[in-house]
Amino acid sequence: MRLSNLFMPTLREVPAEAEILSHKLMLRAGLMRKQASGVYNYLPLGLKALNKLENIIREEMNKEGAQEILCSALIPSELLKESGRWGVFGPEMFKQYDRHNREFCLGPTHEEVFTDIVRSAVKSYKNLPLNLYQIQTKYRDERRPRFGVMRSREFVMKDAYSFDSSWEGLDTVFNKMHSAYCNVFSRCNLDYAPVEADSGAMGGSGSVEFMVKSEIGEDEIVFCTKCSYGANIEKAQTLPTNVIADVSVREVEKVYTPGIKTIEELAKYLYKKPSELAKTLLYKVDDKVVAVVIRGDRELNEVKVANHFVATEIEMLDAEGVREATGAEPGFAGPMGIKADAVLIDYEVAEGEVFSIGANETDYHIMNTMYKRDFDGIVGDFRKIAEGDKCPVCGEAVTIKRGIEVGHIFKLGTKYSEALNANFIDENGKENPIIMGCYGIGVNRTMAAVIEQHSDDKGIIWPLELAPFEAIVVPVVMKDEAQVKIAEDIYNNLKSMGIDALIDDRKERAGVKFNDADLIGIPFRITVGKKASEGIVEFKLREEEEARDILIEDVYTEIVKAFKEKGKVLYSKTEL
Ligand code: ATP
Ligand code: MG
C-alpha cells in the first residue's frame with residue numbers, strides 16, 4: 001500500500017473525549033472515529049488490525065474443532081421470552097419493532113439463537129458434541145459507555161456455544177476453549193491471566209475470565225503472592241479468621257452519637273478503630289429486605305450476598321426502606337431488633353471481639369455487642385477480600401490488581417436447553433437436555449487492551465501479528481530519484497515475500513514521516529536516505545529506540561529472522 005493513497009486521518013492533538021491511552025491513540029492514529037456515545041466507525045488501519053485479530057481467533061477456534069457460523073443481530077422476542085430473558089436485560093437491550101409491530105431486539109448475546117438452531121437439528125447423542133461460534137456485532141445499551149471501544153454500545157464479539165451429551169464432554173470442550181483463549185491472547189502479546197470468576201448461584205469451577213493486567217481495568221483481580229491462585233474479587237472467598245472472641249463480660253452500652261453517621265466519624269467519636277465497629281448495610285435482594293453486618297473497615301461483596309439467596313437482583317435499600325427497617329434515620333442501622341427478612345453476619349463479626357453497632361435509633365449507637373449474646377443471624381462469607389488477606393487455597397497473603405476482562409468461558413449446564421427444550425436421545429433411548437457451555441471474546445476490547453499495553457509516548461507499538469502493516473519503507477528525499485527507486489525496489493521485494501508492506505511516498509519531511517510511522521506503530525521501518533547510494537539503509541524496530549545501518553540485502557534476512565521467531569515462515573529475497 002502507498003501511504004499517499006491510504007485513508008489515514010491522523011490527529012496531532014489529543015482529542016478531548018478520550019481519557020485513556022488506547023482510546024487517545026486509536027483516534028490519533030486514525031484507526032477509528034466516534035459516531036455517537038459508545039458507537040464507533042472503523043477506518044482502514046483499525047479495520048485491518050481488527051481483521052487480523054479476528055483471524056487469529058478463527059485459527060485458534062478452528063484448531064480446537066469449533067465451526068464458524070454467522071447469525072443475525074436481529075432476534076425475535078419470542079426466543080428470549082422462551083428462556084425468560086426478555087425482561088432480564090432491562091434498559092441494556094436495544095428493542096426493535098418491525099412494520100407489523102413484531103418485537104425484536106438487537107442481540108446483546110446469542111445463547112438462545114444457537115440453542116434454537118441446535119434444537120431443531122440435533123435429535124440424538126450421535127449428532128453431538130458440537131461447538132459452534134461466530135464473530136459478530138453485539139448491541140448493549142450500556143449505562144456508562146466509556147474508554148472508546150473498551151465499553152461501547154456496539155461491539156464485535158466472538159461467541160461460541162458448545163453442545164454435549166455428557167458432563168465429561170463439557171469439561172473437555174471447556175479445557176479446549178481455555179487453551180484456545182490462552183493461544184489467542186499470547187499471540188496478541190498480552191500480559192493476561194485466566195482467573196476464577198463468579199458463576200452465579202451455580203457455583204463450581206465453571207467460570208473463568210481472561211484478564212489483561214491494566215491500571216485502567218474495571219475489574220479487581222485477586223492473586224496469591226505464593227501459589228497460582230487468581231480470581232475475580234467478586235468470586236474470591238475469604239477465610240474465617242478463627243479469632244477467639246474476648247468474652248470478658250462487658251455490658252452493652254447505648255451511647256449518644258449525635259449526627260454521627262459514617263464509620264470514620266464514629267471511630268473518631270468513640271476512640272475506636274474502624275475494625276472495632278460493625279456496620280449494618282441494608283439491601284433489597286429480589287423481594288427481600290436483607291441486613292448484612294460486616295466489620296467497619298471492610299467492603300461488602302454484593303455478589304456473595306445475591307448468590308446466598310440465589311437472587312438475580314441486588315440493590316441498596318433507599319432511605320425510606322432504611323427508615324422502615326430501622327425506625328431511624330439512615331446511618332444508625334444495627335442488627336439488634338432490625339426489621340429485615342434476613343440478617344447476614346460476616347465471619348469476622350461472628351468470630352471477632354466485641355463491636356460497636358448502630359442502635360436502630362436516630363443519633364444512637366451501642367457499644368460492646370457480641371454475636372449470639374446480643375444479636376443473631378446467618379453467618380457466612382459476605383465481604384470483599386482485601387490486600388494481605390489469606391489466599392483461600394494456600395493461606396499466604398493475596399494482592400489485588402486491576403484487570404480488563406477480554407474473555408469469559410462458562411459452563412452453562414442445562415439452563416438454556418431446559419428452558420428451550422433442546423433435548424437429545426441418549427444411548428438408552430432416554431431423552432435428556434443438551435449440556436452447554438458458552439465462550440466469549442470481546443474483539444474490539446482485546447484490540448484496545450493490546451494498545452493499552454503496547455505503546456509509548458510516540459504512539460502504538462503493534463505486536464507483529466496484529467499490525468495493520470508489518471513494514472514501512474521511508475524514502476527520505478522524494479526529489480532524489482535514485483533514493484526513491486531503491487525504496488520502491490525494497491517495497492516491491494517485501495511485498496513479493498508476502499509481507500504486508502507500506503511505502504511512505506508522500507512529499508513530506510522525513511520527520512513527519514517518522515512521526516507517523518511511530519504513531520501508527522508499524523513493527524519494521526526501513527529508511528532509505530543518504531547512504532542508499534552505498535547500498536546501506538537504516539533498519540529500525542518500532543519497539544527499539546535505536547536504528548542501525550544495514551546492507552540492503554540484509555533487510556530481507558533480518559525480517560525473515562524476526563518472522564521466524566514469531567513462527568511465521570517467509571521467503572527470503574535470495575530464495576525468490
Ligand atoms: P462486562 O463485565 O465488562 O460488562 P460482560 O460480563 O457483560 O462484561 P460477556 O457478556 O461475558 O461480558 O461478554 C463477553 C465479552 O465481550 C467480555 O468478556 C468482554 O470482553 C466483551 N464485552 C462485553 N461488553 C462489552 C462492551 N460493552 N464493549 C466492548 N466489549 C464488551
Ligand atoms: Mg456487561
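**Figure 1. The loop that holds N189 in the predicted model.** In this predicted model, N189 is found in the loop that links helix 5 (167–187) to strand 9 (192–196). The backbone of N189 adopts a positive phi of about 60°, although N189 is not a glycine. Is N189 buried, partly exposed or exposed? Its relative accessibility is 35%, so N189 counts as partly exposed.

**Figure 2. The loop that holds Y271.** Y271 belongs to the loop between helix 6 (263–270) and strand 14 (278–285). What is the sign of phi at Y271? The phi angle of Y271 is positive, at about 55°, and Y271 is not a glycine. Y271 has a relative accessibility of 79% and therefore counts as exposed; the cut-off for this class is over 50%.

**Figure 3. The cis peptide bond before P129.** Where in the chain does P129 lie? P129 is placed in the loop between helix 4 (111–121) and strand 7 (130–139). The peptide bond that runs from L128 to P129 is cis. Its omega angle is accordingly given as near 0°.

**Figure 4. Polar contacts of ligand 1.** Three side chains are shown with their distances to ligand 1. A polar atom in the side chain of E142 lies 2.7 Å from a nitrogen atom of ligand 1. For E405, a polar side-chain atom is 2.6 Å from an oxygen atom of ligand 1. The side chain of R445 has an N or O atom 2.9 Å from an oxygen atom of ligand 1. How much of ligand 1 does the protein bury? Ligand 1 taken alone exposes 580 Å², and the protein buries 80% of that area.

**Figure 5. The shell of residues around ligand 1.** Which elements give two or more residues to this shell? They are strand 8 (154–164) and strand 21 (398–413). Strand 21 supplies the largest share, with four residues. In total, 14 residues surround ligand 1. The closest of them are R140, E142, R151, S152 and E405. Sorted by class, the shell consists of five nonpolar, four polar and five charged residues. E142 and E405, which are among the closest residues, also appear in the preceding view, where a polar side-chain atom of E142 faces a nitrogen atom of ligand 1 at 2.7 Å and one of E405 lies 2.6 Å from an oxygen atom.

Technical notes:
Residues numbered from 1 in each chain as written. Chains lettered and ligands numbered in written order. Predicted model: local features only at pLDDT ≥ 70, side-chain atom pairs only at ≥ 80, totals over all residues. Heavy atoms only, no water. Buried < 20%, exposed > 50% of the residue type's maximum accessible area, 1.4 Å probe, protein only. Near = heavy atom within 4 Å. Polar contact = N/O pair within 3.5 Å; in protein donor to acceptor, adjacent residues only side chain to side chain. Areas by Shrake-Rupley, 256 points an atom, 1.4 Å probe, with all protein chains shown as cover. Nonpolar A, V, L, I, M, F, W, Y, C, P; charged D, E, K, R; others polar.
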